[in-house]
Amino acid sequence: MRPVDTLFINGPILTQGPAGLIDPGLLAVRQGRIAAVGAYHPGDEAAFAAAETIDLSRRRHLLMPGLVNAHTHAAMTLFRGLADDLPLMDWLTHYIFPVEKNLTREWVFWGTQLACLEMIASGTTTFCDMYLFEQAAAEATAEAGLRAILGEVLYDFPSPNYGPPEAGLRYSRDLIARWRGHPRLSIAVEPHAPYTCSAGLLRQCARLAEDEDVLLVIHLAETAHEDASVRQQHGLSPVRYLESLDLLSPRLLADHAIHLDDDDIGRLATHDVAIAHNPESNMKLASGTAPLPALLAAGLRVGLGTDGCASNNNLDLFQEMDAAAKLQKVMRLDPTALPAGTALELATRRGAAALRLGEVCGTLEVGKAADLILLDFDQPHLTPVYDYPSHLVYAARGADVTDTMVDGQWLLRDRAFTTLDAGRIIAEVRRISQDIRNLVRPGHGA
Ligand SMILES: [Zn+2]
C-alpha cells in the first residue's frame, strides 16, 4: 500500500491540465505534492494507506486547482468602500494619498491578513502583490499559508516605509535576500508605473530583477491619461517606452495593459511579456477594456487579477471570471469573444504561467504542489450540472468554496480557517478603520 497524506475519491476532479475533467476521479497528496491523479473505480482506495480519505460524492464536491490572483494590493482591504464613484484624481488626492501617507507596517500586516482570510475563503491559493511595507505583508502571508509573490512598490517619491526614493531598491534587495528559499513566498521588483518612475529607476529595477532572477512587475497602459502623458514626454507609447529602456522580457508582468495598439501587442508578444488582466477594476475606475482576445491570439501569457479592494471591491476571483467573460462579449457585441473555459484558464493554468509558476501550480497534475479547493455543488444555484466551467464562471461564487489546501496544508476546512484567527483579524481591522475615518474626514466622524 502506498502511504499518502490525503486521498480524494469518487467525485468530479477538474484538473485544468491535459487530463481535463475526470469523473469520478481519484487524487492523492503526499508531502505537499500531488502523488497520483486519475480515474476512480470502487475499491481503488485499497491501494493507498491514507491518513485522511475524502469521499467527494458525499456532499457533491468538485475538486479543482486553487485560483491564481495575478494582481492585487492585498492590504487595500483596509480601504474597501472608503470612497467610491469619484473621478480618479479626486479619489487619489482626497482619499487614498492622505491615508497612504500615514500607513504603518501594523496596518499593512492586518490588512494583508484580512485579504488572506478573504482569498482562502473564496478559493484563491496564489496571489501576486504590490504594496508598501511588504516585509509585513510577507510575514502576514507566511502565517496564512498562501503562496505569493510580493514586492515593494517603487517610485520617484518618498515612501512612508523606506523613506527617500534611492532607498527603495536597497529595501527590495534586502527583501529578496530575506525570503529567498521560502517554500511558498518569493519577492519581485515592482516599479509602480511608467509615469511615476524615472527612466533611471526603471532601468535599475530591470537590472535588479535580472541579477536576482525574480519577477519584474509594473502597471502598464492602464489609462488614456497615462498613454497621452508618456507619448507627450517620451514620444513613444508606454509599451515602446519600456522597450526602449530594455524592460520588456519574459520576467516582466504588466498589470492592466488596456491602451495598446497592434504594434504594442506585437512587441509584448515578441518579448514574451506576461499580462495581469483586471476587468472589475478597469470597469469601476472607467479605465477601459483590455484587448483580451487579441492578447490571447498573440500567444501572450495572461492571468486574471482583482487589483486592490479600493477599486473592485472584493478579492473574489469567481466574480472576476464572470466579469472578464461578459465584459469582452458586450464590448465586442460577440457572445463568443471570451468563452467560460478560457476565463477559467485565466484564473488557473494561464495565471500560474503568467507568474512563472506554471511548473508549480495552476493545474492538478502529478508532481505539482497540492494547491486545491473543494466546492459545494449541492446547492440550488449550481443545479443541474451539464458543464463545470460554465457553472464556475457564470453561476458559482467564492462562498461556494468549502475547503482550501496549499502545499498539502489545509487553510480552510469545512469553511473554518485553520491557520488564521479570523475574529482577531476582523477586530484589528475595525479598530484601524476608525483611524482611517479620522484621516479622510477630520472632525466629521461618520
Ligand atoms: Zn494595481
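**Exercise 1. Ala352 and Phe48**

Decide whether Ala352 is buried or exposed.

*Solution.* Start with the cut-offs. Buried means under 20% relative accessible area, exposed means over 50%, and partly exposed lies in between (1.4 Å probe, protein chains only). Ala352 has a relative accessible area of 0%, so it is buried. Next, place the residue. Ala352 belongs to helix H13 (residues 349–354). Helices (H or I, at least four residues) and strands (E, at least two) are DSSP runs, numbered from the N terminus. Then look along the chain. Arg301 is 51 residues from Ala352 in sequence, and their C-alpha atoms are 9.2 Å apart.

Repeat the steps for Phe48. With 11% relative accessible area, Phe48 is buried. Phe48 is found in strand S4 (residues 48–55). Its C-alpha atom is 6.6 Å from that of Val4, which is 44 residues away along the chain.

**Exercise 2. Confidence**

Which element has the lowest confidence, and which the highest?

*Solution.* This is a predicted model, in which local features need pLDDT of at least 70, side-chain atom pairs count only at pLDDT 80 or more, and totals for chains, interfaces and linings use all residues. Residues are numbered from 1 along each chain as its sequence is written, and side-chain values use heavy atoms, with hydrogens and water left out. pLDDT is the predictor's confidence in each residue, from 0 to 100. The chain averages 96, and 99% of the residues score at least 70. Helix H1 (residues 88–101) is lowest, at a mean of 86. Strand S7 (residues 124–131) is highest, at 99.

**Exercise 3. The zinc site**

Identify the residues that coordinate the zinc ion and classify the geometry of the site.

*Solution.* First, the donors. Donors are N, O and S atoms within 2.8 Å of the metal (3.2 Å for Na, K and Ca); water is not among the atoms, so sites may look incomplete. His71, His73 and His219 each bind through NE2, and Asp307 through OD, at 2.1 to 2.4 Å.

Second, the angles. They run from 82 to 175° among the 4 donor atoms. Four donors count as tetrahedral if all angles lie between 85 and 135 degrees; four count as square planar and six as octahedral if opposite donors are over 155 degrees apart and all others between 65 and 115; anything else is irregular. The zinc site is irregular.

Third, the spacing. The donor residues follow the pattern H-x1-H-x145-H-x87-D. His71 lies in strand S6 (residues 67–72) and His219 in strand S11 (residues 216–220), a pair 148 residues apart that links distant parts of the chain. Both His71 and His219 are buried.

**Exercise 4. Strand S7 and its partners**

Which strands pair with S7, and in what direction do they run?

*Solution.* Two strands pair if DSSP finds at least two bridges between them. S6 and S7 share 4 bridges and run parallel. S7 and strand S8 (residues 147–154) share 6 bridges, also parallel. Now follow one residue. Asp129 in S7 is the bridge partner of Thr72. Asp129 also stands opposite Leu150 in S8. Finally, check burial. In S7, 8 of its 8 residues are buried.

**Exercise 5. Rings**

How many aromatic pairs does the structure hold?

*Solution.* Rings of Phe, Tyr and Trp (its six-membered ring) pair if their centres lie within 6.5 Å; planes under 30 degrees apart count as stacked, over 60 as edge-to-face and the rest as tilted. There are 5 such pairs. One of them joins Phe109 and Trp110: 5.1 Å centre to centre, 90° between the planes, edge-to-face. Phe109 and Trp110 are both buried. Another is Tyr162 with Tyr171: the centres are 6.2 Å apart and the planes at 35°, so this pair is tilted. Tyr162 and Tyr171 are also both buried.

**Exercise 6. Unusual backbone**

Where do the cis peptide bonds from Asp23 and Asn312 lead, and what is phi at Asp85 and Asp246?

*Solution.* Most residues other than glycine have a negative phi, and most peptide bonds are trans. The bond from Asp23 to Pro24 is cis, with omega near 0°. Pro24 lies in strand S2 (residues 21–30). The bond joining Asn312 and Asn313 is cis too, with omega about 10°. Asn313 sits in the loop between strand S14 (301–304) and helix H11 (317–332).

Now phi. Asp85 has a positive phi of about 60°. Asp85 lies in the loop between S6 and H1, and is exposed at 73% relative accessibility. Asp246 has a positive phi near 65°. Asp246 lies in the loop between helix H7 (238–244) and strand S12 (252–256), and is exposed at 64%.
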